[in-house]
Structure formats: structure tokens, C-alpha cells
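Welcome! Let us walk through this structure together, one place at a time.

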Amino acid sequence: MLETVKYLIGSTGASGFGSKSTAEEVTETCPDLRSITAIITGATSGIGAETARVLAKRGARLVLPARDLKAAEEAKARIVSEFPESEIVVMALDLSSLSSVGNFVSEFESLNLPLNLLINNAGKFAHEHAISDDGIEMTFATNYLGHFLLTKRLLNTMIKTAKQTGVQGRIVNVSSSIHGWFSGDMIRYIGQISRSKSQYDATRAYALSKLANVLHTKELAQRLKQVDANVTVNCVHPGIVRTRLTREREGLITDLVFFLASKLLKTIPQAAATTCYVATHPRLVNTSGKYFADCNEASTSKLGSNSNECAKLWAASEIMVSRHAKTVFDPLNAIFLS
């Protein structure tokens, strides 16, 4: 109850910021970002677009990967109209496709750009069951697995950039408090909904993908520490905000629910604040493997802090991105059914 009251009144935490803080406010004292190159997924609208706008305002060079290149060019134009000196590169990327992720990384590497900041922001809530071209349930493929592979493929560039510049690299995974709604066997459920829609539940699938973001963060933090990489990774809950994530279910009921919940909703500038804080604030140098909400460190679900689950998901993810998922989720494959 006390936490709810603090949220509603915008009470600040140890960071000096809270639920009412905006992305511009939390970056006011951040270092000049003109030497920073950032990749931001899902930056064509909503929280991602505001994150991109604010980082551009602070001087960062932006790479905006998008499936819809027209929407990305429009997002770029809006930023440039406000900040004419902005340097923004638009590139093609469909996170639900592992081959598209590979193509994007190859094209990015051909630009010979440094990479200081990776913000894995893009998200999808699929009300209807769908399977990606790689044979993976679409929400999991887009929200988690595509980002897992993207991060894996970009990691060497980030480590190299940090070593050459002396500036610590940062990875920010955008999760959600909804990750705590998932319980059960993660790998088994991924396999079930990737083979058949009979057990598909849209909310549970979304919660699973957000839990995967949390577990990925914690496992990657440990692995980066083991190799002494000057790169950190943290995850964030942006808060509840109406964005294009609900675009498949517009209508009277959705409008009514959001109206009734309006006192709990954040504005988009407020929702982008935690991402921007974790991505830029000097207070968080050397902070890694943590979960943030309202610009302050918070606790994950019990499952989200389980190191065994972290390791298990990582191993499964390596298999999924290394060979065709349809063989991974074959009913005869004991790895995912044991």
C-alpha cells in the first residue's frame, strides 16, 4: 500500500527521481553524449521514440533499426526537425527473424561505427497466436530471442569500443513488472506455444517474454564480469503507459480500461525516464545485473532472480539461435520436454 501511495504522489527514491520524473529531467546532469553511439530498437513510436528524442537532444548518435523503414524515417525527421545537428542512421531489422538480426549486425559492422549503448526496447503483445519464420512463438521471438541474438552479435563491438574509448558500455533491456505474472516451466511452455496454439495465452506469453528479459540481464551480467568486460547490462520496468503495444486491441473496452486506470498511467516522457536514467546516469557506473523501476533499483519476482533459471534459459537460447527452432521444438527433442 505504501509503495502505491509513493507511486501516485511521485515520491523520489535514493536516485533523487521517482514515478513522475521525465526522461529529460533524469538526463539533465548526464555527461555530454556527443561521443556516444546508441542503438535503440522500437524507436518509431511510444517509449522508444521518446528515448531516442531525449538521447538525441543530449548529443548521442543514434542508430534506429526498424521493420517499418517509413515509420523510422518519420521518427528520424521529427527528431531532426527539433534538433537539426542530430546524427541518425535508419536501418532495417525484423526482430522476429533471426536472419534479419544477422543481416542487421553485418550491415552495422560495415559502417565501422563504435557502439557504446544498446537499448533493447522493442516489444510486442500478440493477442492472436502466431509463429515466426524460425518456428518460434511470435511474442517470445520478438521481445526476447531477437534481442538475445542482437546483443550476442553486437557484444564484441561494444567491448572493443569500451576498451578503445575508456567509456563503459551499457546495455538496457526493457522488461516489465508483468514478468512476475509467469510461473511454471519456462522452457516447456515456450515449446508448447511454439508447436501449437492450444495452450496459448497472450498475457502469459507476454509475461514469459518479459521474464526472459530479466533472466537474460542477470546471466549476461555474470558473463561480462567473468571476462572483465567494461560493459554493464541492466533491465527496467518503464511503468504502465498506453502506447502502440495495444494497437491490435483498440476499441471501447480498451479505452474504458485505460480511462479507469488513468491515475496509474504514466505519460510517455515519464515512462521513458527509467530507460534514459539507466542508460546515461553517472551514478550507475559499474552497476550491472540489476532491475529498475521508477528510476530506482527494485526487486524482481522470485523466478526472475533464480540463477538456475538464468542458466537454463541461456542454454536453451543458444540452441534456438544456432539451429532451426522447428527441430528444437520437435516433440522428440528431450532437451525441451524433460
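Ala60 counts as buried, because its relative accessibility is 4%, and the cut-off for buried is under 20%. This is a predicted model, so please read every value here as computed from it. Ala60 sits in the loop between α3 and β2, the latter covering 61-66. Who keeps Ala60 company? Leaving aside neighbours within four places in sequence, Ala60 is in contact with Leu33, Ile36, Leu55 and Glu87. Ser35 also belongs in this picture: Ala60 and Ser35 are 25 residues apart in sequence, while their C-alpha atoms are 6.7 Å apart in space.

Now step back to see the whole chain. It has 338 residues, and buried residues make up 56% of them. Its secondary structure comes to 13 helices and eight strands. If you take the contacts between residues at least 6 apart in sequence, 76% of them join residues at least 24 apart. On the outside, the chain exposes about 15,200 Å², with carbon and sulfur atoms supplying 53% of that area.

Leu149 gives another view of the interior. This residue is found in helix α6, which covers residues 138-165, and it counts as buried because its relative accessibility is 7%. Not counting residues up to four places away in sequence, Leu149 touches Leu98, Val101 and Val321. Look for Met320 as well: Leu149 and Met320 are 171 residues apart in sequence, yet 9.6 Å apart in space, C-alpha to C-alpha.

How many residues of helix α11 are buried? Eight of the eight residues in this helix, 273-280, are buried, so the rest of the structure largely encloses α11. You can pick them out in order: Ala273, Thr274, Thr275, Cys276, Tyr277, Val278, Ala279 and Thr280.

Next, see how two helices meet. Helix α8 (residues 202-226) packs with helix α12 (residues 307-322) at an angle of about 95°, and their axes are 9 Å apart. The two helices are therefore roughly perpendicular to each other. On the α8 side, the meeting residues are Ala212, Leu215, His216, Lys218, Glu219, Leu220 and Arg223, and on the α12 side they are Glu309, Cys310, Ala311, Leu313 and Trp314. Sorted by character, the residues of this contact divide into seven nonpolar, one polar and four charged.

Charged side chains deserve a stop of their own. The structure holds 12 salt bridges. In one of them, the side chains of Glu24 and Lys57 meet, at 2.8 Å from N to O. This pair links distant parts of the chain, since Glu24 belongs to helix α2 (residues 23-26) and Lys57 to helix α3 (residues 46-57), 33 residues apart. Both ends count as partly exposed: Glu24 has a relative accessible area of 25%, and Lys57 has one of 34%.

Helix α3 also contains both partners of another salt bridge, Glu50 and Arg53. Their closest N and O atoms are 3.0 Å apart. Why can two residues at this spacing in a helix face each other's way? An α-helix has 3.6 residues a turn, so residues three or four places apart point the same way. Glu50 and Arg53 are three residues apart, and about one helical turn therefore separates them. Glu50 is buried, with a relative accessible area of 10%, and Arg53 counts as buried at 16%. Through shared partners, salt bridges join Glu24, Glu50, Arg53, Lys57 and Glu82 into one network.

A further salt bridge pairs Arg34 with Asp32, where the closest N and O atoms are 2.5 Å apart. Arg34 counts as exposed at 68% relative accessibility, whereas Asp32, at 42%, counts as partly exposed.

Finally, let us turn to the backbone. Most residues other than glycine have a negative phi. Asn112, although not a glycine, has a positive phi of about 55°. You will find Asn112 in the loop between α5 (98-110) and β4 (117-120), and at 69% relative accessibility it counts as exposed. Cys295 has a positive phi too, near 65°, and is likewise a residue other than glycine. Its place is in the loop between β7 (291-293) and β8 (296-298). Is Cys295 buried or exposed? At 1% relative accessibility, Cys295 counts as buried.

Key: Residues are numbered from 1 along each chain as its sequence is written. This is a predicted model: local features need pLDDT of at least 70, side-chain atom pairs count only at pLDDT 80 or more; totals for chains, interfaces and linings use all residues. Side-chain values use heavy atoms; hydrogens and water are left out. Helices (H or I, at least four residues) and strands (E, at least two) are DSSP runs, numbered from the N terminus. Buried means under 20% relative accessible area, exposed over 50%, partly exposed in between (1.4 Å probe, protein chains only). Contact means heavy atoms within 4.5 Å. Accessible areas come from the Shrake-Rupley method with a 1.4 Å probe; for residues, only the protein chains shown count as cover. Axes are lines fitted to C-alpha atoms, for helices over the stretch in contact, and angles run from 0 to 180 degrees between N-to-C directions. Angles under 35 degrees count as roughly parallel, over 145 as roughly antiparallel, 65 to 115 as roughly perpendicular and the rest as oblique. Ala, Val, Leu, Ile, Met, Phe, Trp, Tyr, Cys and Pro count as nonpolar, Asp, Glu, Lys and Arg as charged, and the others, Gly among them, as polar. A salt bridge is a side-chain nitrogen of Lys or Arg within 4 Å of a carboxyl oxygen of Asp or Glu.
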